[in-house]
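Biologist: Mind walking me through this one? I'd like to start from the sheet and work down to single residues.

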Amino acid sequence: MSTPALPPNEKILSLRDGRQLAYSENGNPTSSTMVIFFHGVFGVGVADLILPTFKNMDIHFVAPTIPGWGNSSLRPNALSYAAALSSDIGQLITHLHPDDSNLRIYVSGGSYGTVPAQTIYGAPFDVFPHGRKIVGCVLLAPFSPFKYHTNYTSCMIWSNYISVGPPSKYVPFRILPRMIASILAWRMRSVDKAENMLHEILFDKMTDEEKSNFAAWREAQGLRDGEFERRMAENAVKSVSKTWGGFIEVCGVLHEDWGFRPDELDEEHTTSRPILVVASTEDPLGPGMAKWLADTYRNSELKWTSGGHIASLYEMDAIWNDFICRTRYDRMLNWMLST
């Protein structure tokens, strides 16, 4: 597989341990409001399309590439996923906002990206001091922590059960993820092949209503017919152009301890730090996990969108506008009541 060109706005942060973290950013880099968005499987951090809400609210939007994907180094073997991620993202925040005492951070993610978003949100403050700056979390089509969501398999379709459920967990040496990676590497040997696979998995399964919603969103973004799908395919190929290590560890990450229990977070982690869980009614990957998260996290809310796995994309601007406005109002009200 040839190595694709780097995204034009991608940047590389050299980490203390000699590794590197790739990221993209958009909006106002001097803003004291920062949104961090984590991509899902077969993605990289992309910030070329910025929401009108982020522009209007003068927000700094940052999209890191998760360790082990694209140009971000794999996590160190000696560290847990939670510890490695907390260190990497902490260094990124310090690099981008070194002296901002008024910094407010929203963490978010889509699909597998909701795992790092939750990990950062729930991290103990002595492990991730920047957590005290977090004022909200948005989880789109989320995964739950399998270690504590004991009935997680009831929310899965068969292919997910095989790829990240008990078979992949208990078969030693990550044999199943490695086998699946070999098959997918053949299917993604070119951008054209990756685009065909994405159509099979996502776009061809849309209902007529969702296709209409997708077309309207695409037009509003100024994207040509097929352009979004092509960009997704290009990013998918970029995500595994250097290593499949990030993909191979997905099952292990979903099953390991993320550094906290969602049902045992203290008041300092939950008060004035709301979580919005967004699920799609026709998502084949299992909206049952979204229900579990909304029932388990304190100060959480569940919002439904109509459509499949990426349906929240079409309502993203309205979702963020409402969430940020409400969190700002709640913080102002709490301040007034405390003075």
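Modeller: Sure, here are some questions and answers on this predicted model.

Biologist: Let's start with the sheet: which strands are at the edges of the open sheet of 8 strands?

Modeller: The strand order runs S1-S2-S4-S3-S5-S6-S7-S8, with mixed pairing. An edge strand pairs on one side only. That leaves strand S1 (11-14) and strand S8 (300-305).

Biologist: And by how many degrees are neighbouring strands of this sheet turned against each other on average?

Modeller: The sheet in question is the open one of 8 strands, with mixed pairing. Ignoring direction, the average turn between its neighbouring strands is 25°.

Biologist: In which sense do S2 and S4 pair?

Modeller: On its other side, so to speak, S4 has S3, and those two run parallel with 3 bridges. S2 and strand S4 (residues 60-64) are joined over 5 bridges, and there the sense is antiparallel.

Biologist: Which residue is the bridge partner of Met34 in S4?

Modeller: S3 and S4 are joined by 3 bridges. Met34 has its partner in S4, and that partner is His60.

Biologist: Why is S4 said to be largely enclosed by the rest of the structure?

Modeller: In a regular strand, side chains alternate between the two faces of the sheet. In S4, His60, Val62 and Pro64 sit on one side, Phe61 and Ala63 on the other, and all are buried. S4 counts as largely enclosed because its buried residues number 5 of the 5.

Biologist: Now a single residue: is Glu25 buried or exposed?

Modeller: Glu25 is in strand S2 (residues 20-27), and Glu25 stands opposite Val62 in S4. The relative accessible area of Glu25 is 17%, and the cut-off for the label is under 20%, so Glu25 is buried.

Biologist: Which side chains make a polar contact with the side chain of Glu25?

Modeller: Skipping neighbours within four places in sequence, Glu25 is in contact with Asn9, Lys11, Ala47, His60, Phe61, Val62 and Leu96. Polar contacts from the Glu25 side chain reach a side chain at 2.5 Å and another at 2.6 Å. The 2.5 Å one is with Lys11, and the 2.6 Å one is with His60.

Biologist: Over to the helices: at about what angle does H13 run to S8?

Modeller: Helix H13 (residues 288-296) lies across S6, S7 and S8. Its buried residues are Met289, Ala290, Trp292, Leu293, Ala294 and Thr296, and their cover includes H3, S6, S7 and S8. Relative to S8, H13 runs at about 155°.

Biologist: Which strands does H3 lie across?

Modeller: Helix H3 (residues 114-122) runs at about 155° to S6. H3 is also among the elements covering the buried residues of H13. The strands it lies across are S3, S5, S6 and S7.

Biologist: And within what arc do the buried residues of H7 fall?

Modeller: Helix H7 (residues 191-201) has Ala194, Glu195, Met197 and Leu198 buried. Looking down the axis of H7, these line one face of the helix, because they fall within an arc of 160°.

Biologist: Last one: how far apart in space are Asp99 and Glu10, C-alpha to C-alpha?

Modeller: Asp99 is in the loop between helix H2 (81-96) and S5, and Asp99 is exposed, with a relative accessible area of 73%. In sequence Asp99 and Glu10 are 89 residues apart. In space, the C-alpha to C-alpha distance is 23 Å.

Definitions and conventions. Residues numbered from 1 in each chain as written. Predicted model: local features only at pLDDT ≥ 70, side-chain atom pairs only at ≥ 80, totals over all residues. Heavy atoms only, no water. Helix = DSSP H or I, 4+ residues; strand = E, 2+ residues; numbered from the N terminus. Buried < 20%, exposed > 50% of the residue type's maximum accessible area, 1.4 Å probe, protein only. Polar contact = N/O pair within 3.5 Å; in protein donor to acceptor, adjacent residues only side chain to side chain. Contact = heavy atoms within 4.5 Å. Arc of directions from axis to C-beta. Pairing = 2+ DSSP bridges. Axes fitted to C-alpha atoms, helices over the stretch in contact; angles between N-to-C directions.
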